Amino acid sequence: MSRWSFVGRAEQLDRLRVAVAGVHGRGILFTGSAGIGKSRLLHEGVDALPGDDYAVWRIAASATTSAMAFGGLIQVLPEQPQGLSPAGILRWALDVLQHQAAGRRIVLAVDDAHLLDPPSAALVHLVARTENASVVGTLRDGEQIPLPIRALWTDGLVERAELGPMTPDETAAMLNAIVGGQVDSGSTDRLGRLSAGNPLLLRELVHAATNSGELVEKYGVWTWTGRLELAPSLTELIDIRIGQLTPGVRAVVELVAFGEPLGLRLLHQAVEQHDVEYAEERGLITMVESDRRLDVRLAHPLYGEVVRRQCPVSRTRRLQANLADLLDKVGKRRREDLLRVARWRLASGTAQDPTMLIAAAGEAFARYDVPLATRLARAALDAGGGFDAAELLATILMFADRPAEALGVLDAVATDAGQEERLSRWLTVRGMVSYWGLSQASTVEEIADEGTKLTDAAAQARVRAFEAIMRLHRLEAPAALRLAQGVLDRPAASVAARELARCTIAHLQAVQGQLSRSAAAVDLVQAKAANWRADMPYLQLAVELARGTRLALSGDLVGIDALVADEFADLADAGDFRLGTGYLAILRAYAARLRGRSDTALQAALSACAVLATSRVYAGLAQAERAQAAALRGDARQAAEAIAEADRLHSPSMAVLYPWLEQARVAALAAGGDLSTAVSRLHSLADRLRADGFAGHETLVLHDLVRLGQAAAQTGPRCSDGTRRTIAQRLTELSEQVDGELPPLLARHARASADAAPEGLLTAADGFAERGLDLLAAEAAAEAVHLLRQRRSPEVAHARQRLGAFLACCDMVHTPALQAATPTLTDREWEVARLAADGSTSRAIAEQLFLSARTVENHLQRVYSKLGVTSRAELRVALGTIPGHDGTTTT
């Protein structure tokens with residue numbers, strides 16, 4: 001890969017600039033670990049200094065030149081004259097620099113200043129004391145620093161600043177710059193943790209992942225598989241940092257590498273205390289306080305990667321067996337101790353207790369660590385765990401996108417599912433795999449028939465809870481509600497079965513517009529999570545789908561922000577629980593879209609498409625959101641491609657999601673200019689939603705019609721007097737049925753649009769903006785500006801200012817509502833208008849465009865008339881409220 005683009009470090013660059021250019025600035029030295037980015041920061045900072053004002057000398061000190069007098073400054077000084085005393089040489093060198101500077105400010109940029117030879121260090125100190133001169137440079141942590149350099153900050157001549165690891169945002173920006181595209185959030189987090197924010201190590205990691213084919217691109221998003229082949233250069237770099245170790249210290253490092261975080265007391269039972277102390281002094285390990293216990297970790301995550309890979313297999317197995325024995329001996333006191341022992345037993349070949357492995361696999365799955373849970377459950381089955389291990393393994397394989405393999409595991413233990421409690425578990429897991437994993441619609445009837453044969457009330461309730469949510473997803477809402485309510489009415493039903501049934505009801509309530517009741521039901525399910533998570537951890541997906549549906553339908557962007565930032569999101573990302581990660585990415589895209597942040601929306605949607613590429617559960621929904629984001633940007637081609645992919649990938653087992661997919665289809669049609677078909681499809685969709693009783697969805701679909709200028713159009717069946725309600729009237733009616741603050745706001749917008757009332761539209765726009773719905777606010781304000789412009793109202797200037805404020809919150813947005821309110825200017829009119837708005841006179845414009853001044857004035861008058869302005873000052877504001885004013889013709 002070529003030299004990567006410089007990203008981040010804005011605060012440090014500002015400090016360097018101020019230290020050099022400020023009134024009292026004498027310079028700054030950045031300190032930090034190797035590879036943290038000190039040298040690059042220094043180069044970027046001095047490169048930005050104008051040569052007319054600054055005479056910059058770059059000095060790269062090294063071990064080679066440190067033994068030579070003035071070896072560090074050999075790049076900038078001529079041959080020394082003979083016969084001068086040491087003090088005379090310093091004065092001569094300073095005179096040379098001042099002569100070459102020719103009145104400009106001297107800037108010495110010294111990389112690795114700790115490697116300067118004594119005379120060079122003395123000269124640098126002398127320069128720092130000189131008027132009209134500055135010293136900037138870098139120092140590596142842990143190195144011996146020459147006294148003249150140390151005196152630079154102890155004497156107050158320069159600042160000394162610690163350059164720490166890159167922030168997560170800087171890491172993400174650097175990753176995107178290295179690969180030349182977008183890296184998904186989960187991969188970014190994992191690579192960021194592994195590199196510990198060190199730019200050099202991050203680049204080496206990306207090199208290794210790219211060369212080994214473990215960094216792959218799907219839908220324009222790069223994803224790291226998690227498998228790491230360390231390049232020789234990276235291994236060598238880490239080896240140099242670790243250095244030569246005594247057997248005792250190596251034992252400390254290896255035990256921590258395989259066991260971190262490792263309790264200090266536990267470590268002391270395995271190794272000598274003085275070896276632990278020496279390893280800490282060398283910067284190989286670090287102590288971290290954790291819940292009144294002192295844990296030991298390696299000083300850098302990559303140390304563990306290298307140490308583990310270099311450790312012989314036999315010693316690796318012995319070390320991990322020892323760790324497991326030690327923790328078993330002292331007792332597993334923490335929740336995570338079971339998982340740690342199970343991992344060590346598995347890796348050391350001493351995992352023989354299927355009961356322990358099943359418990360550990362369940363714990364890993366409850367934390368949504370799918371890869372670890374799969375390994376442990378497989379080991380439990382191989383160790384003789386029987387039905388319990390097989391059921392758990394099949395469940396995990398389902399969520400690892402391996403449904404066919406899961407089915408094989410279940411069928412192999414079908415004869416063991418004799419008693420009804422086991423049979424109900426076998427039926428429900430097999431039903432889940434075949435219905436959602438393999439999209440077999442007949443599963444619903446099969447599970448219903450088998451459920452009738454059960455006589456145990458708890459077993460039957462479990463089967464009915466699964467049948468209920470399947471029927472909801474298959475759009476059999478009345479049956480789903482009846483079954484779910486029946487489960488809640490059964491005292492014998494388990495907690496997991498009851499809360500799964502409650503999730504079904506909560507989802508149904510959300511789409512029906514009973515948003516308050518849906519929220520209460522979800523809160524109740526979440527409050528009982530500790531009681532159902534061990535039995536049914538995947539129930540969290542049903543919780544998030546119900547909650548996400550409610551938040552999206554209510555336009556609660558703050559609620560969506562909280563949802564995608566909670567613990568489940570972190571666990572799903574860290575544990576490769578792709579269904580959770582993918583669905584939350586879809587919600588991020590949805591919230592960004594309503595905020596008018598089309599770039600963020602498209603990135604999040606593409607991430608969802610990449611994460612869900614091997615799963616059919618939410619893959620269609622992800623593509624639909626991609627289509628919406630592309631349409632928002634005016635990218636009709638990508639929107640159409642995404643809809644085609646949605647149709648190909650969408651599973652019939654997720655039929656309940658049809659409103660989102662159909663709305664996206666309409667957005668793609670509208671982006672492509674086929675507004676008549678878009679309007680027709682929205683009317684049909686509204687009719688279908690009305691028939692299904694999905695009032696929450698119907699509200700949004702009718703508002704989409706308002707956004708396409710159809711507020712006064714008729715909708716629905718005829719009333720008793722033979723008339724049909726307008727869309728504005730139907731939205732007003734729904735605002736009294738659907739919970740929340742959004743429906744009345746949508747109805748207000750519709751009435752103002754139907755009545756062509758600019759003030760009402762601006763009031764609605766303010767209401768949207770208060771909820772963060774900046775895209776809808778801009779559309780409503782744009783319609784108001786259009787009406788006021790047509791009427792040549794003096795209020796148009798004020799409305800235009802408000803529109804500009806709303807659009808300033810958005811980025812690239814091209815929607816039919818904004819385009820319909822935009823005057824049509826010819827290419828020539830755009831040229832003239834932009835030049836006039838920038839302050840050019842008509843004569844100057846005429847000369848630049850090879851026109852006559854009269855022709856320019858005629859163009860300007862037509863522009864003024866179309867935009868409803870009377871002066872160049874108003875013209876500048878008006879152009880700022882028109883999407884496409886950056887040079888593209890808006891039609």
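Me: Which residue stands opposite V110 in strand 4?
Reply: This is a predicted model, in which local features need pLDDT of at least 70 and side-chain atom pairs count only at pLDDT 80 or more, while totals for chains, interfaces and linings use all residues. Residues are numbered from 1 along each chain as its sequence is written, and side-chain values use heavy atoms, with hydrogens and water left out. Strand 3 and strand 4 (residues 133–140) run parallel and are joined by five bridges, where strands (E, at least two residues) and helices (H or I, at least four) are DSSP runs numbered from the N terminus. Within strand 4, the residue opposite V110 is G137.

Me: Which residue of strand 3 is the bridge partner of W57?
Reply: Strand 2 (residues 54–60) and strand 3 run parallel and are joined by seven bridges, and two strands count as paired if DSSP finds at least two bridges between them. Following the bridge from W57 into strand 3 leads to its partner, L108.

Me: How many of the seven residues of strand 3 are buried?
Reply: Buried means under 20% relative accessible area, exposed over 50% and partly exposed in between, with a 1.4 Å probe and protein chains only. On one side of strand 3, R105, V107, A109 and D111 are buried, and on the other side I106, L108 and V110 are buried as well, which leaves both faces covered. Strand 3 (residues 105–111) is therefore largely enclosed by the rest of the structure, the number of its buried residues being seven.

Me: In what order do the three strands of the open antiparallel sheet lie?
Reply: Strand 9 (262–263) and strand 10 (285–290) each have a single partner strand, so each stands at an edge with one side left without a neighbour in the sheet. Strand 9 pairs with strand 11 (residues 293–298) in the antiparallel sense over two bridges, and one bridge partner of this kind is V296 in strand 11, which goes with L262. The order of the open sheet is 9-11-10.

Me: Which helix gives the most residues to the largest nonpolar core?
Reply: A nonpolar core is a set of buried Ala, Val, Leu, Ile, Met, Phe, Trp, Tyr and Cys residues joined through side-chain atoms within 4.5 Å. The largest one holds 179 residues, of which L376, F399, W436, F577, Y618 and F768 touch the most other members. Apart from it lies another core, of 54 residues, including A257, F258, C311 and A324. The helix that gives the most to the largest core, with 11 residues, is helix 40.

Me: Which histidines are in contact with F768, leaving aside its neighbours within four places in sequence?
Reply: Contact means heavy atoms within 4.5 Å. Among the residues that F768 contacts are L742, L745, L746, L773, L776, A777 and A780. The histidines in contact with F768 are H703 and H749.

Me: What is the relative accessible area of E698?
Reply: E698 is found in helix 36, and, not counting residues up to four places away in sequence, E698 touches A686, L689, R690, R730 and L734. E698 is buried, with a relative accessible area of 1%.

Me: What distance separates the C-alpha atoms of A817 and V706?
Reply: A817 has its place in helix 42 and is buried, with a relative accessible area of 12%. Not counting residues up to four places away in sequence, A817 touches R707 and E779. Although A817 and V706 are 111 residues apart along the chain, the separation of their C-alpha atoms is 9.0 Å.
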